[in-house]
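Reader: Could you take me through one part of this model in some detail, the helix packing and the loops beside it? I work at the bench, so please explain each cut-off as you go.

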Amino acid sequence: MCGIVGYTGTLQAAPILLDGLRRLEYRGYDSAGVAVHDGERIERVKAGGTVAGLAEKTANGAALHGVCGIAHTRWATHGAPTDTNAHPHLSEHGLFAVVHNGIIENYALLRAELQGEGYVFRSETDTEVVAHLLEKYYDGDFKRTVMRTAARLEGSYVLGVLCSEAPGRLFCVKEAGPLLLGLGVGENYFASDVTALVSHTKNVIYMDDGELAELTPEKITVFDRTGREITKTVSHVVWDIEAAEKGGYEHFMLKEIMEQPRAVKSTVDPRIRDGEIVFEDFDPSSEELAGINRLVITACGSAYHAGVVAKYVIEALCRVSVEVQLASELRYSDPIIDGHTLLIVVSQSGETADTIAAMRECMARGARSLAIVNVVGSTIARLADHVIYTHAGPEIAVATTKGYTTQLAALYLFAVWYAKRLGRIDSARYNELVEGIRALPGMVQRAIDLNVHVRYLAERWHGHKSLFFIGRNIDYAAAMEGSLKLKEISYIHSEAYAAGELKHGTIALIDEQRLVVALCCQEQLFEKMVSNIQEVKARGAKVLGVSLEGDRRIFAEADDVLFVPRGERLFAALPELIPLQLFAYYIARENGCAIDKPRNLAKSVTVE
Ligand code: M6R
C-alpha cells in the first residue's frame, strides 16, 4: 500500500519522479524518497512526512542530477514512518537502490541470514533485505541478480531497482501488487498506478504476477519468472490528466462527489441499449447461468457496503438468496462454495489484498466469478471470469464516493438483468426498473442541488463526539456507508445500526450528547422509523432526518433534514448517499481534517 514510480529517458528524472509521487500519494503518505543515477553513482534523498517535504528537501528535484531513477511514497508496515525507514533502500556499498510495495513475509529469516554474513541493516523495514540480497547475488548481470533475489522472497512485492553499474537501466518485478509500464518516445516508465503516467504517455502494459521488466530509454522488455522474454499487449488509457487533478475544488473528495452524475452516467448509459440492459464485457451463456444456484458477494469497506445494498435489491427482484461476506473473513472461513456459486467481487481499485485472496479461495473451490471493478487491468479484473467495469474515472480521495455509487449502479444493472434472465419480473416491471436506473444520474444531480444547506448543518453539528446512523432495510445498508464516510474523514465516532435493533442494548448509549442520523427513505417503513426517532428523542438525542423530497412528515420529527429525490424505491441508496457524503465532507472540513488523506489510511489496501 505504497506508491512506486520509475523513469529512464533523456530528461532530468527527479522532477518527473516527484510529480509521479504527488499523484500516487493517495496510496501512502507518511514518508517518501527518490534515488537517481547521476551517471556514476546513485544519489538518494528521503524524507519523513509527505511528498511536499521531499520536494522541499530536493528543490523540487533540481538538487538531484540524472536521467534515470526510482521513487516511493510510503504507508508504513514495518518500522515507523521516519527518514531512515523511508524508501529507496540502498545496498551495503550503494550498488543498488530499491523501492518496494507490499510485505516480504520471510524478511526476518533473510535478515538473520544476511546479518550472519556481515551485512549491516540501517532500517527496521522488510525491504532492506532486498537491497542486500541484490548486492549479495550481483555477478555483473543485472537481470540475473534481480531474478535470483526475487526467487528468495515470499509474500507480496512490487519492486523497482536501480544499479549503479547500469546507468539508464531499470528493473521492476511484480508479485501480488499493482504495476504497470508506460511506453514513451525515448523514455519509459513504471508505476503503481496509471495516474502517475498519464501526463507522459497513454500507452501502458499491465504486468502480471511473476513477471519482471527491463526498462531502458529505447525499450521495454518483459520476462516471465524463468527469465524467458514474453510479448505483452499494449493498452491505451482513455482518460486525460484533468481527470486526476482537482479542477478548482478544494479537495479531491468534493470534486469526486460533484462528478457523480457524470460517473454514474458512464456506468449506466453504455449498458442500456434500446431499453435493454446489455453488458459488453459480461455475457454468460445460458448453460453457465443455469448452473448457478447461489450468489455470494465479497468485498471490503465501502465496496462491502455496496454488496449489502445489492443483497436487498437482488433478493427482492430475483428471489435468489444472496450472501454478503467481508473478504477478510471469507478467505479464512473454509467457505461452502462450489461450481454452482456465482461469486460477485466488488472493488474500486481491483487491488485489495483481502478481496483478491477471498476471490482466489472461492475460485479454487470452483466458483464462477464476476468482478465489479473501476480500475481497468487491475488484478481482480484480470482474475475474474467476467468483468463489469464501473467507468468512474480515477478516484484519488482516500474516502470513496463515486467509486461506491458507481458500484451500486453496476449492481442494480446486474440485478435487473438477472431478474429478467431468471424470468422473475414481467416486461412492464423490467421497463420500469430500466427507467429507474436510467434516471439515476439526474437524481444524483438533484440530490446535490437539494442539499446546498448541508454545509450550514455541518457548522451546527460538527462538535458532536459520537453519532448513530439508523435505518431499516436498504436504508440500513446506506447507513453503514454514511457512517463510514463520516468516521474515516472526520475521526468522529459513529456507528450504523438497524433502527429496530437499538432497543436490544445499544439504546443505553443514547443521551443528550448523541446526534442520530435517521434514514427514512423506505416509505413502507416510515412509521416504524418515526417510532425509533421518538425513542431516541425521548432520551435527549438530537435527530438529523434523511427523507424523500416533499415528505413534510419528517419536519415534525427531526431537528434538521436532508433530502433525497424520489425514484425507484429499490435504488434509493444511491441518491441517499449524496447528502451523507456531503455531510461527512463538511463536518470534516469544519473540524480542519486532512480530508483527502485521512490519518492512518491509504487508498488501496494491498496488504493483509
Ligand atoms: O478498492 P476497494 O474498493 O477494494 O477498497 C475497499 C476498501 O478499502 C475501501 O472501500 C475503503 O473502505 C474506503 N476508504 C472507504 O471510503
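Author: Happily, and here is the one convention to have in hand first: helices (H or I, at least four residues) and strands (E, at least two) are DSSP runs, numbered from the N terminus. The model is a predicted one, in which local features need pLDDT of at least 70 and side-chain atom pairs count only at pLDDT 80 or more, while totals for chains, interfaces and linings use all residues. Residues are numbered from 1 along each chain as its sequence is written, and side-chain values use heavy atoms, with hydrogens and water left out.

Let's start at helix α13, which covers residues 402-421. Its axis lies 10 Å from that of helix α19 (residues 573-590), and the two pack at an angle of about 175 degrees. Axes are lines fitted to C-alpha atoms, for helices over the stretch in contact, and angles between N-to-C directions run from 0 to 180 degrees. The angle makes α13 roughly antiparallel to α19 (under 35 degrees counts as roughly parallel, over 145 as roughly antiparallel, 65 to 115 as roughly perpendicular and the rest as oblique). On the α13 side, the contact (heavy atoms within 4.5 Å) is made by Y404, T405, L408, A409 and Y412. From α19 come A573, L574, L577, I578 and Q581. By class, this contact of α13 with α19 has eight nonpolar, two polar and no charged residues. In that scheme Ala, Val, Leu, Ile, Met, Phe, Trp, Tyr, Cys and Pro are nonpolar, Asp, Glu, Lys and Arg are charged, and the others, Gly among them, are polar.

Helix α13 also packs with helix α14 (residues 427-438), at about 170 degrees and with the axes 10 Å apart. That makes α13 roughly antiparallel to α14. Here Y412, L413, V416 and K420 of α13 meet Y430, L433, V434 and I437 of α14. The contact of α13 with α14 divides into seven nonpolar residues, no polar ones and one charged. Y412 is listed for α13 in the α19 contact and again in the α14 contact.

Now look inside α13 at T406. With a relative accessible area of 0%, T406 is buried (buried means under 20% relative accessible area, exposed over 50% and partly exposed in between, with a 1.4 Å probe and protein chains only). Not counting residues up to four places away in sequence, T406 touches A263, V264, T267, T390 and A392. Q260 and T406 are 146 residues apart in sequence, yet their C-alpha atoms are 8.0 Å apart in space.

T390, one of those partners of T406, sits in the loop between β22 (386-389) and α13. T390 is buried at a relative accessible area of 1%. Leaving aside neighbours within four places in sequence, T390 is in contact with A263, S266, T267, I372, V373, N374, T406, Q407 and A410.

A second helix pair makes a good companion view. The axes of α9 and α17 come within 8 Å and cross at roughly 170 degrees, which makes α9 roughly antiparallel to α17. α9 contributes G301, S302, H305, V308, V309, Y312 and V313, and α17 contributes I474, Y476, A477, M480, E481, L484 and K485. These residues of the contact of α9 with α17 divide into nine nonpolar, three polar and two charged. Of the 18 residues of α9, 13 are buried, so α9 is largely enclosed by the rest of the structure. Just after α9, R319 takes a positive phi of about 55 degrees.

The loops on either side of α17 are worth a glance too. N473 lies in the loop between β23 (466-471) and α17 (474-490), and has a positive phi of about 60 degrees although it is not a glycine. Y491, in the loop between α17 and β24 (493-498), has a positive phi near 65 degrees and is likewise a residue other than glycine. N473 is partly exposed at 27% relative accessible area, and Y491 is partly exposed at 29%.

A last word on cysteines: the structure holds zero disulfides, a disulfide being a pair of cysteine sulfur atoms within 2.5 Å. The sulfur of C318 is 20 Å from the closest cysteine sulfur, in C362, which is too far for a bond. C318 counts as buried, at 0% relative accessibility.
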